[in-house]
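Here is a friendly walk through the spaces inside this protein, starting with the ligand site and moving on to the enclosed voids. Have the viewer open as you read.

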Amino acid sequence: MEYVKDKIVFITGASAGIGKACAEIFAENGAKLSLSARRIEKVENLAAELKEKFGAESYVFKMDVTDRNDVEEKINALPEEWKAIDILINNAGMGRGLNKLYEDNVDGWEEMIDTNVKGLLYVTRNIVPGMAERESGHVINIGSIAGREAYAGGGVYCATKHAVNAITKSLRMDVLDKGIRVSAVDPGMVETEFSVVRFYGDEEKAKSVYNGLTPLTGTDIAEAVLFCATRPKHANINEMIIMPSVQANAFMTYRKT
Ligand code: 8X3
């Protein structure tokens, strides 16, 4: 097993959900955290909490992954001691709507494509060159079961997560000679702000997604990410698909009502 103590872990979308849970578990294990999100106050509070609880060192900054220039500038402007990123967790992602494609809100498509695909690409493009130069690093992409199966009403969301799956596979080939590992962690139902965002703030509708079942938590996924990050150097977890015990796939769940 490899330890993450004192390693620099760069997490996008660290303000909530899986990103926040990753920050917590890596802090608990002694990593140094480079945390970004659009909602900077949330990340600042998290960093303060992790400092107090685990003595974790963090570098916190506001970054919008959908803004190509912002990503480039923020990553270029990392302080010298935060530049040598060991682990990149490409977590920032979102869903918008669950409507029939031909009736869907096109603005939501733009947001999903910009965040889940282009955002992940911008961050990766700016961080992996340093890893390649140092011949060391690990990219862990948070995908989704939606990257493995397409479901009704999820056309664009599923397309973006299929794209993440393809990017993960290609990147793994591109960095094969550079000592860089690339992993995908693909969750099913995780109760985070995901459904609230998907349904544009409709809490009632968001809650109903998890009716009658116990969904995964952000921590369940963060534990999987930590597992990927702590394999010995010669071993890579290519992919992990994780679902609640009562979810068989993207289509079938067992609910006790
Ligand atoms: C989110 C999980 O099942 O809503 O990535 O697509 S699902």
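## The ligand and its pocket

The ligand takes up the space of the largest pocket. Please keep in mind that this is a predicted model.

Which residues surround the ligand? The shell consists of Ser 144, Ile 145, Ala 146, Tyr 151, Tyr 157, Gly 188, Phe 194 and Arg 198. Sorted by class, five residues of this shell are nonpolar, two are polar and one is charged.

## Polar contacts with the ligand

Two tyrosines and an arginine are worth selecting in your viewer. Tyr 151 places a polar side-chain atom 2.5 Å from an oxygen atom of the ligand. For Tyr 157, an N or O atom of the side chain is likewise 2.5 Å from a ligand oxygen. Arg 198 brings a polar side-chain atom to 3.4 Å from an oxygen atom of the ligand.

How much of the ligand's accessible area does the protein cover? On its own the ligand has 250 Å² of accessible area, and the protein covers 84% of that.

## The largest cavity

Beyond the pocket, there are enclosed spaces to look at. The structure contains two cavities of 30 Å³ or more, and the largest of them has a volume of about 40 Å³.

Its lining is made up of Arg 96, Gly 97, Leu 101, Asp 104, Trp 109, Met 112, Gly 153, Gly 154, Gly 155, Val 156, Tyr 157 and Arg 198. Tyr 157 and Arg 198 are thus among the residues lining this cavity, and they also belong to the set around the ligand. Helix H4 (106–134) and helix H5 (155–174) each contribute at least two lining residues. Which element gives the most to this lining? That is H5, with three residues. By class, the lining splits into five nonpolar, four polar and three charged residues.

## The second largest cavity

The second largest cavity has a volume of about 30 Å³. Around this cavity you will find Asn 90, Asn 91, Ala 92, Asn 116, Leu 120, Ile 142, Lys 161 and Val 164.

H4 and H5 appear again here, each supplying at least two residues of the lining. What is the class make-up of this lining? Four of its residues are nonpolar, three are polar and one is charged.

Notes. Residues are numbered from 1 along each chain as its sequence is written. This is a predicted model: local features need pLDDT of at least 70, side-chain atom pairs count only at pLDDT 80 or more; totals for chains, interfaces and linings use all residues. Side-chain values use heavy atoms; hydrogens and water are left out. A residue is near a molecule or strand if one of its heavy atoms lies within 4 Å of it. A polar contact is a pair of N or O atoms within 3.5 Å; within protein, one must be able to donate a hydrogen and the other to accept it, and residues adjacent in sequence count only if both atoms are side-chain atoms. Accessible areas come from the Shrake-Rupley method with a 1.4 Å probe; for residues, only the protein chains shown count as cover. On a 1 Å grid over the protein atoms alone, a cavity is a set of points where a 1.4 Å probe fits but cannot get out, and a pocket is an open set with protein on both sides within 12 Å along at least five of seven lines; lining residues have an atom within 4 Å of a point. A molecule sits in a cavity or pocket if more than half of its atoms lie within 2 Å of its grid points. Ala, Val, Leu, Ile, Met, Phe, Trp, Tyr, Cys and Pro count as nonpolar, Asp, Glu, Lys and Arg as charged, and the others, Gly among them, as polar. Grid points are joined across faces, edges and corners, and a volume is the space filled by probe spheres set on the points. Helices (H or I, at least four residues) and strands (E, at least two) are DSSP runs, numbered from the N terminus.
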